[in-house]
Amino acid sequence: MALSLPSSLSSSSSSYLSLHSYRNSPSNSSIFTISTPKSLHFTTSHSRFHRGRRSLRPDASLAVDSPTASGINRSEESRKLILEVNDLTAVISESKQEILRGINLSIYEGEVHAVMGRNGSGKSTFSKVLVGHPDYEVTGGSVVFKGENLLGMEPEERAHAGLFMSFQSPVEIPGVSNMDFLRMAVNSRRAKSGLPELGPIEFFGFLSPKLAAVNMNPSLLDRNVNEGFSGGEKKRNEILQLAVLEADLAILDEIDSGLDVDALQDVAKAVNGLLTPKNAILMITHYQRLLDYIKPTYVHIMEDGRIVRTGDFTLAKQLEKEGYKAVSAA
């Protein structure tokens, strides 16, 4: 299926949106890509990074005063390791300013990890590096996703492998209907897995329960992607994309920003409904209130490009009460 895109989305900017990097249809091998201004901060990259791996697991104790956060004692060791990050370092591509200074993190099936920290601590940079944002260059370390070298994959390959990212400020895409976008994305991943594509009627049957779970107005499916949506509608739409793509690891970058209490509850309920024993969630947030609705398995505190402390939900409670200074000094 060919899709004509508006000229306003065909800029030559070095930063572009791959629409979660899915093809127009299984019969078309070209990647469905939309160029957007660099300020939109969407993810893709042509970088290739080196391999490397060593065993690492974060610690489950309340206060782990170690940047490596190693040694988690999980009750079910039969669960598979989804993501393993070892000594990850990265710089801003243009200025070469170092942002990540040795990130270590392991995520297993069925886990919810929350990353918290002050502004500028490297939280969003970490998430963007994982999905392959071109503004950042990996300078060291390794990332293994489902047993494969994630840093050796293009962004579209990462998406097809089951990695998803929900953005802080989802971009509006004129000329692309929400329904068409969702169906193309789903059929692209199904094609990668050797499954037949879903026709319009089949897809609507597949989509309807997920739409209800997000508490999203069905009329938004006929609108262009995020065009004229409120902040809450955009966040619901991001979670709807996650639901239909059935990702193995969802990275949620401040999904609570700009949401009122009702919208936050709806989004959190939908996210909780998507968590299974076979997938995992990595949440980035400034505020403990999100964690009241989506209970994390582990909470990590980032500071100066490193994870400096790891604990359970009570660590977030301590952070809310005493602030980052007290937590960092502990």
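**Exercise 1. Helix α1 and the loop after it**

G132, which comes just after α1, takes a positive phi of about 95 degrees. The model is predicted, so that local features need pLDDT of at least 70 and side-chain atom pairs count only at pLDDT 80 or more, while totals for chains, interfaces and linings use all residues. Residues are numbered from 1 along each chain as its sequence is written, and side-chain values use heavy atoms, with hydrogens and water left out.

Task: Determine which residues of α1 are buried, and state whether P134 is buried, partly exposed or exposed.

Solution.
1. Helices (H or I, at least four residues) and strands (E, at least two) are DSSP runs, numbered from the N terminus.
2. Buried means under 20% relative accessible area, exposed over 50%, and partly exposed in between, with a 1.4 Å probe and protein chains only.
3. The buried residues of α1 are K123, S124, T125, F126, S127, K128, V129, L130 and V131.
4. Because nine of the nine residues of α1 are buried, this helix is largely enclosed by the rest of the structure.
5. P134 lies in the loop between α1 (123-131) and β6 (136-145). The relative accessible area of P134 is 23%, so this residue is partly exposed.
6. P155 is 21 residues from P134 along the chain, and their C-alpha atoms are separated by 9.8 Å.

**Exercise 2. The six-stranded sheet**

Task: Give the strand order of the open sheet of six strands, then describe the hairpin formed by β13 and β14.

Solution.
1. Two strands pair if DSSP finds at least two bridges between them.
2. The order is β8-β11-β12-β5-β13-β14, and the pairing is mixed.
3. At the edges stand β8 (163-166) and β14 (306-311), each of which pairs on one side only.
4. On average, neighbouring strands of this sheet are turned by 20 degrees against each other, direction ignored.
5. β13 (residues 298-303) and β14 run antiparallel and are joined by five bridges. Within this pair, I301 has R309 of β14 as its bridge partner, and E303 stands opposite R306 in β14.
6. Two residues separate the strands of the hairpin, and D304 in the turn has a positive phi of about 55 degrees.

**Exercise 3. The four-stranded sheet**

Task: Identify the edge strands of the open sheet of four strands.

Solution.
1. This sheet has the order β4-β3-β6-β7, with antiparallel pairing.
2. Its edge strands are β4 (98-108) and β7 (148-149), since each pairs on one side only.
3. Eight bridges connect β3 (residues 81-92) with β4. In one of the pairings, A90 is matched with L100 of β4.

**Exercise 4. Helix packing**

Task: Classify the packing of α3 against α4 and of α5 against α6.

Solution.
1. Two packed helices are described by the angle between their axes and the distance between the axes.
2. Axes are lines fitted to C-alpha atoms, for helices over the stretch in contact, and angles run from 0 to 180 degrees between N-to-C directions. Angles under 35 degrees count as roughly parallel, over 145 as roughly antiparallel, 65 to 115 as roughly perpendicular and the rest as oblique.
3. α3 (residues 178-192) and α4 pack at about 95 degrees, with axes 11 Å apart. Therefore α3 is roughly perpendicular to α4.
4. Contact means heavy atoms within 4.5 Å. M179, L182, R183 and V186 of α3 meet P200, F203, F204, F206 and L207 of α4.
5. The axes of α5 and α6 cross at roughly 5 degrees and come within 10 Å. Therefore α5 is roughly parallel to α6.
6. G232, K235, R236, I239, L242 and A243 of α5 make this contact with D262, A263, D266, V267, A270, V271 and L274 of α6.

**Exercise 5. R236 and helix α6**

Task: Describe the surroundings of R236 and check the span of α6.

Solution.
1. R236 lies in helix α5 and counts as buried because its relative accessibility is 13%.
2. Neighbours within four places in sequence aside, R236 is in contact with V214, N215, M216, D262, A263, D266 and V267.
3. At 1.5 Å a residue, the 14 residues of α6 (residues 261-274) should span 20 Å, and the end C-alpha atoms are 20 Å apart, which agrees. The expected span is 1.5 Å times one less than the number of residues.
4. The buried residues of α6 are A263, L264, D266, V267, A268, A270 and V271. Their cover includes α4 (200-214), α5 (231-245), β11 (249-253), β12 (280-284) and α7 (289-293).
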